[in-house]
Amino acid sequence: MRPEGPPASRSRAGVRLAASLLVVLVAAVARGAEGPDWAALGREAVGILVDYIKVDTTNPPGNERRAVDFLKPLLDREGIETRVIDSAPGRANLYARLRGDGRRPALVLLNHLDVVPADARFWSVDPFAGVVKDGYVWGRGALDMKSLGVLQLVTLLALKRHGVPLRADVIFLGTADEEAGGNQGIAVVLGQQADLVRGAGVVLSEGAFNFLRNGRVFWAVNLGEKSPVSVTLTATGTPGHGSMPRADSAVNRLIAALSRVMAWETPIKVLPDVQAFYAAMAEFEPSPVRERLGDLATGLQDPAFRQEFTRNLSNNARVRNTISITMLEASNKINVIPATASARLDVRLLPGEDPAAFVEQLKATIADERVQIRIATTVVAGSSPDTHPALEAIRAVARAHDPQAPLVMPMTTGASDCRYFRQRGTPCYGFTPITLRGRDGEGFHGNDERVAVDQVIEGTRLYYEVVRRLVAD
Ligand SMILES: [Zn+2]
């Protein structure tokens with residue numbers, strides 16, 4: 001539309017053209033207010049995920065520098081400020097930041113760049129080929145957690161592209177080494193570059209997926225997780241020749257100690273957050289399960305219900321400290337009775353438990369002075385508050401999307417980088433707006449890990465909306 005020229009000189013066609021341009025302009029403004037082109041953004045997210053899965057960041061050894069080299073240009077080319085935090089040869093963390101007006105504390109979008117190993121012999125596709133078939137993106141990291149990392153990245157891109165006025169800074173933090181405890185990842189970032197996230201108000205990361213149960217989609221947010229404690233048992237005994245067995249050998253002592261550990265039923269303890277989760281689930285269960293879950297501590301006093309409830313491994317791990325015997329070591333020669341034999345136990349403590357007190361209980365259970373117990377604790381896990389603007393943002397998006405969808409808050413039995421933030425007093429919430437249906441979750445750390453394409457596309461929009469509510473509304 002040319003501004004010059006008197007209105008009287010305009011033709012009818014010119015007026016119609018002006019009117020239609022105005023309609024286009026208004027529509028464009030409305031679109032801008034609504035946000036991105038969701039279908040296009042969703043497709044972009046799927047494309048990034050497919051290529052990201054091809055970047056092999058199996059830990060060990062990690063090689064997360066490859067992931068940094070893949071993700072950083074996607075941020076750089078949009079003019080988003082980035083920084084690389086090297087932690088070891090071949091290993092690095094990626095930080096990016098969108099600046100807001102500072103009226104609210106910064107939001108950290110936390111993801112890890114590494115994945116656990118995949119044994120291709122047991123997969124039906126190459127775990128690092130980024131295969132798309134049957135409506136799924138297949139590959140190691142599809143669930144844990146390259147998909148959520150991509151939702152976070154694309155959210156940053158969309159906020160930047162649309163020039164959304166931000167009340168808070170939004171930080172993208174991709175860390176190395178999460179799958180091996182975080183010493184080469186989040187521990188380095190918080191130890192050497194703590195300024196990068198200083199004053200952050202809240203962290204969103206992994207820990208829960210939405211899920212389908214009895215035909216209903218449940219939205220899930222994780223508030224807390226268990227503390228991993230690595231325990232080493234070392235038995236000592238008299239060494240000798242294998243042709244002359246001795247009852248008091250180190251191996252025999254170790255096996256006896258481990259049998260006592262296996263027989264030990266750690267006490268049941270229903271924490272308030274755990275009770276709240278099961279009470280929320282109970283509403284959708286038939287009687288008498290509903291009543292049992294509604295008051296779990298009482299319900300679990302019934303041996304029959306306790307047996308049924310704890311048969312489910314997640315249920316069991318949410319109500320007690322657990323022990324998995326995972327590593328064994330003794331003689332390296334068949335005819336040598338060794339002087340020492342050792343075992344490692346993967347112990348997971350409920351939030352709030354004291355590792356030293358647990359070791360005392362373990363010592364009493366083993367009851368053998370010649371079996372030494374050593375522990376290595378990384379960071380003791382805690383929980384985030386069950387009321388927070390982040391939770392309200394998630395609840396609001398859930399309601400807008402599916403008014404019937406319940407929001408539940410399961411404790412995760414695994415460990416994540418969230419615990420480093422929770423320990424510092426920064427709330428961290430595990431949230432992934434991808435719904436796991438049927439057997440979708442089975443590939444988690446297992447074979448044929450995959451994520452539904454439609455869920456990644458949908459998740460792109462849902463994640464953006466949660467973040468926008470938190471930092472822009
Ligand atoms: Zn993970």
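**Reading the labels on this model**

Student: Why is Asn-63 called partly exposed?

Tutor: Asn-63 has a relative accessible area of 24%. Buried means under 20% and exposed means over 50%, with partly exposed in between. So at 24%, Asn-63 lands in the partly exposed range. Keep in mind that this is a predicted model.

Student: Where is Asn-63, and what is its phi?

Tutor: Look at the loop between helix 2 (38–53) and helix 3 (64–76). Asn-63 has a positive phi of about 50°, although it is not a glycine.

Student: What about Asp-177: is it buried or exposed?

Tutor: Its relative accessible area is 4%. Anything under 20% counts as buried, so Asp-177 is buried. Asp-177 also has a positive phi, about 65°, without being a glycine, and you'll find it in the loop between strand 6 (170–175) and helix 5 (186–192).

Student: On to the metal. Which residues coordinate the zinc ion?

Tutor: His-112 gives NE2, Asp-144 gives an OD atom, and Glu-206 gives two OE atoms, at 1.9 to 2.6 Å. The cut-off for a donor to zinc is 2.8 Å, so these atoms qualify.

Student: What makes the site of the zinc ion irregular?

Tutor: Check the angles: among the four donor atoms they run from 55 to 151°. A tetrahedral site needs all angles between 85 and 135 degrees, and a square planar one needs opposite donors over 155 degrees apart. The range of 55 to 151° meets neither rule, so the site is irregular.

Student: How far apart along the chain are His-112 and Glu-206?

Tutor: They're 94 residues apart, with His-112 in strand 3 (residues 107–112) and Glu-206 in strand 7 (residues 202–213). His-112 is at 2% relative accessibility, so it counts as buried. Glu-206 is buried too, at 11%.

Student: And what kind of peptide bond joins Asp-144 and Met-145?

Tutor: A cis one, with omega about -15°.

Student: How do you know that Cys-418 and Cys-428 form a disulfide?

Tutor: Their sulfur atoms are 2.0 Å apart. The cut-off is 2.5 Å, so the pair passes. A search of the whole structure finds one disulfide.

Student: What does the link of Cys-418 and Cys-428 tie together?

Tutor: Cys-418 lies in helix 14 (residues 418–423) and Cys-428 in strand 16 (residues 428–436), so the pair ties together parts 10 residues apart in sequence. Cys-418 counts as buried at 0% relative accessibility, and Cys-428 is buried at 0% as well.

Methods: Residues are numbered from 1 along each chain as its sequence is written. This is a predicted model: local features need pLDDT of at least 70, side-chain atom pairs count only at pLDDT 80 or more; totals for chains, interfaces and linings use all residues. Side-chain values use heavy atoms; hydrogens and water are left out. Donors are N, O and S atoms within 2.8 Å of the metal (3.2 Å for Na, K and Ca); water is not among the atoms, so sites may look incomplete. Four donors count as tetrahedral if all angles lie between 85 and 135 degrees; four count as square planar and six as octahedral if opposite donors are over 155 degrees apart and all others between 65 and 115; anything else is irregular. Helices (H or I, at least four residues) and strands (E, at least two) are DSSP runs, numbered from the N terminus. Buried means under 20% relative accessible area, exposed over 50%, partly exposed in between (1.4 Å probe, protein chains only).
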